[in-house]
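Here is a friendly briefing to read alongside the model. Keep the viewer open and follow the residues as they come up.

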Amino acid sequence: METTETELQPELPHEPEMLLSQEAQYYLQQAGKWAVFLGIVGFIFCGLLFLCALFIGTVFSMLAKFSPTGNPYPATIGPVLSVVYILLDIVYFFLVLYMYQFGRKAKQSIAFIDSALVTQAMSKLKSFFKTWGIITIVIIAFYILFFIGLIIGGIGAASMMH
């Protein structure tokens, strides 16, 4: 009689799973609802900002017609502002899109009890905050350059007075 030995495979270390408590699921669901709401409102404002970008040139040309002293603005101010508004709208659109996607995935993850959807929701939330962080860094850099320019301009103006 032969005995067969079964080989024991070493157990792989299990990845620790994070389970969400009922309270955490409630908070995630509520955050998802607000994120979807803010996303929809943000999309509406994106559309309005785009319309403003299209008509800002016309507004400045109309201001010139009603100005008693003529056109106080350079001729290129309308198209330049249109481009700036469109660029701001594109950045704002991506922020709103990430927020909306987070909200949808968060709500779905709770409704379907799906941890993969929670992961996707958190990925969209990470993208939102990463984009917002990059924008913040760019704004801080512009402020620093602005203040350096002011200091250099002030030094130059003070040296011309003497």
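Leu95 is a good place to start: this residue sits in helix 2 of a predicted model. Its relative accessibility is 6%, under the 20% cut-off, so Leu95 counts as buried. Beyond its neighbours within four places in sequence, Leu95 is in contact with Phe128, Thr131, Trp132 and Ile135. Two of the residues it touches, Phe128 and Ile135, are listed among the buried residues of helix 3.

**Around Leu95 and along helix 2**

- Lys130 lies 35 residues from Leu95 in sequence, and the two C-alpha atoms are 9.7 Å apart in space.
- Helix 2 covers residues 77–112, which makes 36 residues.
- At 1.5 Å a residue, helix 2 should span 52 Å, and its end C-alpha atoms are indeed 52 Å apart, so expectation and model agree.
- Besides Leu95, the buried residues of helix 2 include Gly78, Ser82, Asp89, Val96, Phe102, Gly103 and Ala106.
- Ser109 and Ile110 also belong to the buried set of helix 2.
- Which helices do the buried residues of helix 2 pack against? They pack against helix 1 (22–66) and helix 3 (115–161).

**Ser109 and the turn into helix 3**

- Ser109, also in helix 2, has a relative accessible area of 2% and is therefore buried.
- Not counting residues up to four places away in sequence, Ser109 touches Leu28, Asp114, Leu117 and Val118.
- Of those partners, Leu117 and Val118 are themselves buried residues of helix 3.
- Helix 2 is followed by Ile113, which is found in the loop between helix 2 and helix 3.
- What is the sign of phi at Ile113? It is positive, about 50°, although Ile113 is not a glycine.
- Is Ile113 buried or exposed? Its relative accessibility is 75%, over the 50% cut-off, so Ile113 counts as exposed.

**Helix 3**

- Helix 3 has 47 residues and reaches 68 Å from its first C-alpha to its last, close to the 69 Å expected at 1.5 Å a residue.
- Its buried residues are Leu117, Val118, Ala121, Ser127, Phe128 and Ile135.
- The cover over these buried residues includes helix 1 and helix 2.

**Helix 1 and the nonpolar patch**

- A nonpolar patch on the surface is formed by Ile40, Ile44, Phe45, Leu48, Phe50, Leu51, Leu54, Phe55 and Tyr92.
- Together, the patch residues have about 840 Å² of accessible area.
- Which element gives the largest share of the patch? Helix 1 does, with 8 residues.
- Phe50 is one of the patch residues and lies in helix 1.
- With a relative accessible area of 36%, Phe50 is partly exposed.
- Leu54, another patch member, also has its place in helix 1.
- Leu54 is partly exposed too, with a relative accessible area of 45%.
- Leu54 and Pro79 are 25 residues apart in sequence, while their C-alpha atoms are 8.9 Å apart in space.

**Before helix 1**

- Leu19 is found in the segment before helix 1.
- With a relative accessible area of 72%, Leu19 is exposed.
- Leu19 and Ser115 are 96 residues apart along the chain, and 8.9 Å separates their C-alpha atoms.

**The protein as a whole**

- The protein has 3 helices and 0 strands, running α-α-α from the N terminus on.
- Buried residues make up 17% of its 162 residues.
- Among contacts between residues at least 6 apart in sequence, 74% join residues at least 24 apart.
- The accessible surface comes to about 12,900 Å², with 72% of it belonging to carbon and sulfur atoms.

**Confidence in the model**

- The mean pLDDT of the protein is 89, and 88% of its residues reach 70 or more.
- Among the elements, helix 1 has the lowest mean pLDDT, 92, and helix 3 the highest, 95.
- Where pLDDT is low, predicted coordinates should not be read in detail.

Definitions and conventions. Residues are numbered from 1 along each chain as its sequence is written. This is a predicted model: local features need pLDDT of at least 70, side-chain atom pairs count only at pLDDT 80 or more; totals for chains, interfaces and linings use all residues. Side-chain values use heavy atoms; hydrogens and water are left out. Helices (H or I, at least four residues) and strands (E, at least two) are DSSP runs, numbered from the N terminus. The expected span of a helix is 1.5 Å times one less than its number of residues. Buried means under 20% relative accessible area, exposed over 50%, partly exposed in between (1.4 Å probe, protein chains only). Contact means heavy atoms within 4.5 Å. Accessible areas come from the Shrake-Rupley method with a 1.4 Å probe; for residues, only the protein chains shown count as cover. Patches are made of residues with over 30% relative accessible area and no salt bridge: like charges are joined within 9 Å, nonpolar side chains (Val, Leu, Ile, Met, Phe, Trp, Tyr) within 5 Å. A salt bridge is a side-chain nitrogen of Lys or Arg within 4 Å of a carboxyl oxygen of Asp or Glu. pLDDT is the predictor's confidence in each residue, from 0 to 100.
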